[in-house]
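Q: I'd like to learn how to read the empty spaces and buried spots in a model like this one. Can we go through it together?
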Amino acid sequence: MKRLLLFSFVLVTITGHAQTRKKIDFDNNWKFSLGHAADASRDFNYSIANIFAKSGKAEKIAIDPKFDDQSWQSITVPHDWVVALPFEKSPNFDVMAHGYKPVGGLFPQNSVGWYRKHFSINPADSGQRFTIQFDGIFRDAKIWCNGFYLGNNESGYVGVTYDITDYISYKKENVLVFRVDASQYEGWFYEGAGIYRHVWLNQFPNVHIDENGIFASSFVRDDQGYITVSTSINNKNLGEEPSEIQVYCYVTDRNGKKITESAQNKIEIDPQQSRTVTQLLPVSNPHLWSLEDPYLYKVVAVVKSGNQIIDTQQIRFGVRTIRIDAAQGLFLNNKHVKVQGVNCHQDHAGVGSAMPDRLQYYRIALLKEMGVNAYRASHNAPTPELLDACDSLGMLVIDEQRLLNSSPEYIDQFTRLIKRDRNHPSVFLWSIGNEEQGIQYNSFGKRIAQTLLAKQLELDPGRTSTYAADLGNVFNGINEVIPVRGFNYRINSIDDYHRDHPDQPTIGTEMGSTVTTRGVLKIDSVRAYVPDQDITYPWWASSAEQWWTIAADRPWFMGGFVWTGFDYRGEPTPFEWPNINSHFGIMDMCGFPKNIYYYYQSWWRTDKDVIHISPHWNWKGREGETIRVWVNSNAQTVELFLNKKSLGKKDMPANRHLEWDVKYAPGTLEAVGYRNGKKISIQQVTSGQAYSIQLVADRTAIHADGKDIAIINVVVKDKKGREVPDATNVIEFALKGNGKILGVGNGDPSSHEPDQFTDGKWKRKLFGGKCQIIIQSTDVSGTFELEAVSGGLITAKQIIQTK
């Protein structure tokens, strides 16, 4: 069958080009099938067929370009095949920690996935070079092009690129094949499986700028800024004659207006050799990148041969300064910043780890609204689009290596990570690892850390590193050599450590770890829920209020990163089955805030008036029962009213909250606060029965590019238009028009409902009165209409434009 292949690509066009670099979107038109990790007959004869005896030999196996894959599933990437698997109870710790999904060594039938993609190359481009770039595959991916083995990328998190020039056919169809083996875990949390990040086909000339070949850094003196740009050039020409080229770079503002340009450096570069050209560009009165104003310039590197431009690359770049001081903490552009951070894993309700780009921006915006200013990518290399979102929205980042190891494999992973991410202004600190309990306090850990730190300084001398140590006042091992001491919990040890090591900066790499279930009043050991207040936490951790009151009061302590910003699949602490995801999030897996959200917002958003009452006030059957009411606010005083009767006025202590014991009666619970003389108030009102459905879209117009998404949150309301916070109705969805549903969720940590429906009968039960549906555009402009239906309720519809 003839396949219609549609490529989209990024094209930089400059007058005088001899050739044009292309970055071609390779996410569409993939074929997928599960294999089998233990049965070759169900794994397309892999491990039986002798595929390494002769180069390109791949008969009678899925690697063969002539293999018939028409019966395989048609997919687009990013793709996570695990999110669609059912939950399965297991006594195995790692299965539990990964959210009871049947993947890994105990489930060979679900742990290998095969991908195939057919594509054609224009014969006119036969003088060009081609690479295939994978931003992330989980995990242990073996890759072939036209039957020729390209390599094995073991990492489930760091991307990899292979040159496929020698294996391209210009006269017939080409075939890429992947065998992805997720039998072995890398983490102790949900990791998914598959090609869960973007894939790109890069096309460029033989003399070209290397992948990640631009390295920009900046410094500022008085009002004068300087950008240092190092450009790495590679000559892949055959023969003996060197190539004579000119290399230069320039900087534009965010709108593309050129503001500074270097001289053109003439160099010779021999065949099969690389050279790096470093140039300094002044920028007068630079517009600095900051948390409040994350301004981004564009840095462009250009390679010319004679009068023709033969290659160019562009990056976004922010001019900013970072200073870390052991006595005073962190400074961004010489302004003191207290780190108000969160840790996050990389999965979301409905889509698992295959998150659309827009979802990265959505989640970072939710964190910014709470007052978060820093993000730790725990515990692995983040997707590039996450860093793009942090650059664009103003969020500092700790960028983390998956494993503390200095073997060639992990040095290579660390090198790829740093080279990929070192131009991002959001990245202010590298992390060389996390909680390596077996080696963090001995000479093994110290020596490995020294090797990794030397590599970091070689590749990025303008930054420094930390390590996330779950140790108290312990100096032996990694802490002897790490530039910034990271504390995972052990908050009561920071004073002693600082006393003994006053010249070493300190930061809370993991703090808090309160466990809460959105909307739940009391512990429920049957359904595995915990109260939605800042009162429950594991033995190693602390409440939000405990750690933040200590951190806020110590200028030398840089601040910290809460575990975690969002709930995530796996680590169902303090319960196990039927609980299938964590309770640690300040927000649930859909991004719906829990009550603890408002504690942090009260003290982290100094620019916003905050007042919040919890719990909600729908407690039929508990009339007369005493319920502890919490008020989180940055008001100086708060008075609480029930049905207009005052229950007392209290002063709000800094970085804390207020409580009242209230005998439950239906009606209106109101908190009235005064902040700097301004009255602020909030109500919790007992609602009536669910009457109608309401759909709340994050946007009503999205791009018709087959990638953009609409995130639609679902609530139900009573006849008076009040939300029903305890509603549990099942909502059924139908979609018409130019869109496709990616997934659904509701934030229930014990829900075993599917996130994805292959039969098209999409539905989700409300949890705490809410659920969420994510819809992706097609590449056709127009509209799509979502209809939400539930028996006995007024139906809701939402129209989204795609253009």
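A: Sure, let's start with an open space: the second largest pocket has a volume of about 790 Å³. This is a predicted model, so local features need pLDDT of at least 70 and side-chain atom pairs pLDDT 80 or more, while totals for chains, interfaces and linings use all residues. Residues are numbered from 1 along each chain as its sequence is written, and side-chain values use heavy atoms, without hydrogens or water.

Q: Which residues lie nearest the centre of the second largest pocket?
A: Tyr-598, His-612, His-616, Gln-684 and Glu-723, out of 29 lining residues. Helix 8, strand 31 (611–614) and strand 37 (678–685) each give two or more residues to that lining.

Q: How is empty space found in general?
A: Rolling a probe the size of a water molecule over the atoms shows where empty space is left. On a 1 Å grid over the protein atoms alone, a cavity is a set of points where a 1.4 Å probe fits but cannot get out; a pocket is an open set with protein on both sides within 12 Å along at least five of seven lines; lining residues have an atom within 4 Å of a point.

Q: How many cavities of 30 Å³ or more are there?
A: The structure holds 5, and the largest has about 180 Å³ of space. Among its 19 lining residues, Arg-197, Gln-346, Met-355, Gln-360 and Thr-383 are the closest to the centre. Helix 2 (357–370), strand 24 (374–377) and helix 3 (384–393) each supply two or more lining residues.

Q: What about the buried side of helix 2?
A: An α-helix has 3.6 residues a turn, so residues three or four places apart point the same way. Here, the buried residues (under 20% relative accessible area with a 1.4 Å probe, protein chains only) are Leu-359, Gln-360, Tyr-362, Arg-363, Ile-364, Leu-367 and Met-370. Their cover includes strand 23 (339–344), helix 8 (596–604) and strand 44 (770–777). After helix 2 comes Gly-371, with a positive phi near 110°.

Q: Is Asp-347 buried or exposed?
A: Buried, with a relative accessible area of 2%. Asp-347 sits in the loop between strand 23 and helix 2. Leaving aside neighbours within four places in sequence, its contacts (heavy atoms within 4.5 Å) include Tyr-190, Met-355, Arg-363 and Arg-569.

Q: Which backbone atom does the side chain of Asp-347 reach?
A: The backbone nitrogen of Arg-569, at 2.9 Å.

Definitions and conventions
Points joined across faces, edges and corners; volume = space filled by probe spheres on them. Helix = DSSP H or I, 4+ residues; strand = E, 2+ residues; numbered from the N terminus. Buried < 20%, exposed > 50% of the residue type's maximum accessible area, 1.4 Å probe, protein only. Polar contact = N/O pair within 3.5 Å; in protein donor to acceptor, adjacent residues only side chain to side chain.
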